[in-house]
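Work through these exercises on charged side-chain pairs. Keep the model open beside you.

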Amino acid sequence: MAIDRRREAAGGGPGRQLAPTEENGSLPPGDAAASAPLGGRAGLGGGAEIQPLPPLHPGGGPHPSCCSAAAAPSLLLLDYDGSVLPFLGGLGGGYQKTLVLLTWIPALFIGFSQFSDSFLLDQPNFWCRGAGKGTELAGVTTSGRWGDTGNWTSLPTTPFSTVPWEAAGNRSNSSGADGGYTPPLPSPPDKGDNASNCDCHAWDYGIRAGLVQNVVSKWDLVCDNAWKVHIAKFSLLVGLIFGYLITGCIADWVGRRPVLLFSIIFILIFGLTVALSVNVTMFSTLRFFEGFCLAGIILTLYALRIELCPPGKRFMITMVASFVAMAGQFLMPGLAALCRDWQVLQALIICPFLLMLLYWSIFPESLRWLMATQQFESAKRLILHFTQKNCVSPESDIKGVMPELEKELSRRPKKVCIVKVVGTRNLWKNIVVLCVNSLTGYGIHHCFARSMMGHEVKVPLLENFYADYYTTASIALVSCLAMCLVVRFLGRRGGLLLFMILTALASLLQLGLLNLIGKYSQHPDSGMSDSVKDKFSIAFSIVGMFASHAVGSLSVFFCAEITPTVIRCGGLGLVLASAGFGMLTAPIIELHNQKGYFLHHIIFACCTLICIICILLLPESRDQNLPENISNGEHYTRQPLLPHKKGEQPLLLTNAELKDYSGLHDAAAAGDTLPEGATANGMKAM
C-alpha cells in the first residue's frame with residue numbers, strides 16, 4: 001500500500017508498532033511500556049477492546065522501543081488468565097473449587113449480621129405499665145392505623161415495622177425509663193398531651209420480631225430516648241463505610257489474606273462484646289467496630305472470589321454467594337424466634353465466624369495479586385502448592401510459565417495504592433460512575449420501600465412485620481434471578497443500563513403520575529379513588545425496589561471486574577462505601593421525623609437520569625480477562641453499546657483501523673520523499 005511505502009520512506013519498518021492515540025481512550029506513548037495486554041475476547045454487545053501485544057524483538061524479548069527488562073516483567077507472567085490460570089487447571093482444579101466453596105460459606109454468616117438490625121433494633125409497641133393495653137387503643141382506628149388523637153403506640157421506624165396493635169407479638173417488661181418520646185407521626189399530636197403521657201416510669205412492650213426482649217425494650221429507648229435507636233443504626237453503617245475504605249487500601253498493600261484473618265479475629269472480639277453491653281452507648285460504639293470488621297470480611301472475600309475465577313465463571317460464582325447471603329436473610333426470623341433474647345441472638349450470629357479461624361491454615365493468599373505486584377518468590381511457592389494439590393504435571397506447562405518465573409525471582413515487589421487512580425485518563429471516570437450508580441441504587445431503594453410499606457399505604461398484607469420482611473427479601477431474590485438472565489444476554493453494561501432505566505421510570509411515574517391521580521380522585525365523576533392511587537404506588541414501588549437492588553449489586557460487581565488487580569480492593573471499597581452512604585440516608589430521614597422525604601426521593605430520581613447517560617461511558621467487561629495493573633485498566637475503552645451493522649461505517653475507529661492512519665504524521669514530516677500529487681489514500685488523479 002501507499003501508506004506502507006511512505007512509512008518505510010519515513011524511516012519506519014513494516015514491524016514498527018506506533019503508540020495508540022489518546023482520542024480512543026488509550027495510554028499516551030510514555031505509559032505504553034508498562035502495559036500488559038490481556039488478550040480477552042470482545043463481548044457480544046461491542047465490548048471493550050484490549051490493546052494488542054507489542055511486537056517481539058528478533059531476539060525473543062519485547063521490542064526495545066516499547067519496554068525494557070528493568071521496567072516490566074515478562075508479558076507471559078502478567079497474562080494471568082491466559083497463561084497462569086490454564087496451567088493450574090482453571091476452575092476445574094479441585095483445589096480451586098474448594099477455595100471457591102470456602103468463600104461461599106461465610107456469606108451465610110454475613111447475611112445474618114447484615115440483617116440483624118431489623119430484629120435487634122425493631123421499634124416495639126409499648127404502653128405504660130398498669131394502664132393496660134386496651135387503654136392505649138383509644139387513638140387507633142379500627143384498621144390499626146393512626147387516628148386523629150394522640151397515642152403512644154410505637155410507630156415503626158423501618159420498612160419492616162408496620163403492624164397494628166392486634167398483631168403485636170411477645171410482651172416484654174422494662175422499667176426505669178425517665179423520659180418519654182413519641183415516634184415519628186404523619187401528624188404530630190398535641191405537645192401538651194404528649195408531655196402528660198410521657199410521665200410514665202415503667203413500660204410494657206409488645207415485640208413483633210420473634211424476641212422476648214430486644215435492645216429497645218432492654219434500655220427503654222422510647223419517647224425522648226428513641227433517637228438513640230437511630231444512632232445505633234448509624235453506628236453499624238458508618239462502621240461499614242469506614243471499613244470498606246480503610247481495609248480496601250490495606251488489602252491492596254499487604255494482601256487479601258492478612259486483612260481477612262485479622263477482620264475475623266476482631267469481629268469475634270467486638271461482636272461477642274456487643275452481647276455484653278451494659279448500656280446503649282457501649283452497644284452503639286461496639287457495633288461501629290463490628291461493622292468495620294464485617295466490611296473487611298465482605299470486601300476481601302468478594303475480591304478473592306473474583307480473582308480465583310476464569311472470565312466465563314466470574315458472574316455466576318458471585319451470584320451464588322449472593323444467594324447464600326439471601327438464605328441468611330430468609331433464615332433470620334427463625335433464628336430470632338429460636339433465641340428469644342437479643343443477647344443470645346447476637347452471640348449466635350457471631351459465633352459461626354469461629355470456624356473461619358481455620359482459614360489461617362487452609363486459605364492461601366491471592367495468587368493473582370502476588371503476580372500483579374511482582375512478588376514472584378511467594379508466587380512460585382504458591383504455584384507449586386497449587387500444582388501439588390491439583391496433581392498437575394510440570395509437563396503441562398506448555399507456555400513455559402515456570403521458566404519465566406525463575407528469571408524474575410530477583411525482581412522487587414511493586415505495590416500500588418488506590419490514590420494512583422487520580423492520575424489515570426479513563427479508570428477514575430469508570431470508578432466514579434459506578435460509585436454514583438451504587439449510591440443512587442441503594443439510596444433510592446429506601447424511598448421505594450417506604451412508599452410500599454409506609455403509613456400512607458393501607459394494604460392489610462403489608463401491615464405485618466413478617467410480611468414486610470419477607471416481601472422485601474423476595475423482591476431482592478427475584479432481582480438477583482433476573483440479573484442472571486439479563487447479564488447473560490445484554491452483558492454488564494447493557495444490564496446495568498436496563499435496570500437503571502426501570503428505576504428511573506418507576507421513580508418518575510411514582511412522583512408524577514400519582515400526584516396526577518390524586519388530583520383527579522378529588523372529582524366525583526373521575527372514577528378514581530384513593531385505593532387506585534395506593535395500588536399504583538405499590539406497583540411502582542415493587543418495580544423500583546426490584547430494579548434498584550439490581551443496580552446496586554451490579555455496580556459493585558462491575559467495579560470488581562474493571563478495576564486492576566493491584567488496586568481492586570481499593571476500588572471495591574469506594575463503590576461499597578458509596579452503597580453504604582446510600583443506605584445511610586434511611587435512618588437520617590427517620591431521625592428527622594420523615595422531613596425532607598419527598599425532596600430526598602426527587603434528588604435520587606434526578607440522579608437516575610444522570611446515571612443513565614454516564615453508564616454509556618463504561619466499557620463492557622463480559623468475557624474479558626481481568627486487568628492486572630493500571631495500564632491494563634486504562635485499555636478498557638468505551639465501545640458502541642450495539643454492534644455495527646454489516647457494511648455500516650462506525651463513528652469511532654477501532655484500534656486496528658487507527659494503525660492505517662498512524663503513519664500520516666511521519667509521512668508529513670518526510671514530505672520531501674513523497675511524489676507530487678500524493679494523498680493519504682494514494683496518488684491524486686490527474
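**Exercise 1: a pair between two helices**

Glu307 and Arg256 form a salt bridge, with their closest N and O atoms 2.7 Å apart. A salt bridge is a side-chain nitrogen of Lys or Arg within 4 Å of a carboxyl oxygen of Asp or Glu. The model is predicted: local features need pLDDT of at least 70, side-chain atom pairs count only at pLDDT 80 or more, and totals for chains, interfaces and linings use all residues. Residues are numbered from 1 along each chain as its sequence is written, and side-chain values use heavy atoms, leaving out hydrogens and water.

Task: Which parts does the pair Glu307 and Arg256 tie together?

Solution:
- Place Glu307 in helix α10 (residues 280-308).
- Place Arg256 in helix α9 (residues 256-274).
- The pair therefore ties together parts that are 51 residues apart in sequence.

Helices here are DSSP runs (H or I, at least four residues), numbered from the N terminus.

**Exercise 2: burial**

Task: Is Glu307 buried or exposed? Do the same for Arg256.

Solution:
- Take the cut-offs: buried is under 20% relative accessible area, exposed over 50%, partly exposed in between (1.4 Å probe, protein chains only).
- Glu307 has 2%, so Glu307 is buried.
- Arg256 has 0%, so Arg256 is buried.

**Exercise 3: a pair within one helix**

Task: Where do Glu404 and Lys407 lie?

Solution:
- Their salt bridge has its closest N and O atoms 3.8 Å apart.
- Both residues lie in helix α16 (residues 401-407), three residues apart, about one turn of the helix.
- Glu404 is partly exposed at 22%, and Lys407 is exposed at 61%.

Key
Helix = DSSP H or I, 4+ residues; strand = E, 2+ residues; numbered from the N terminus.
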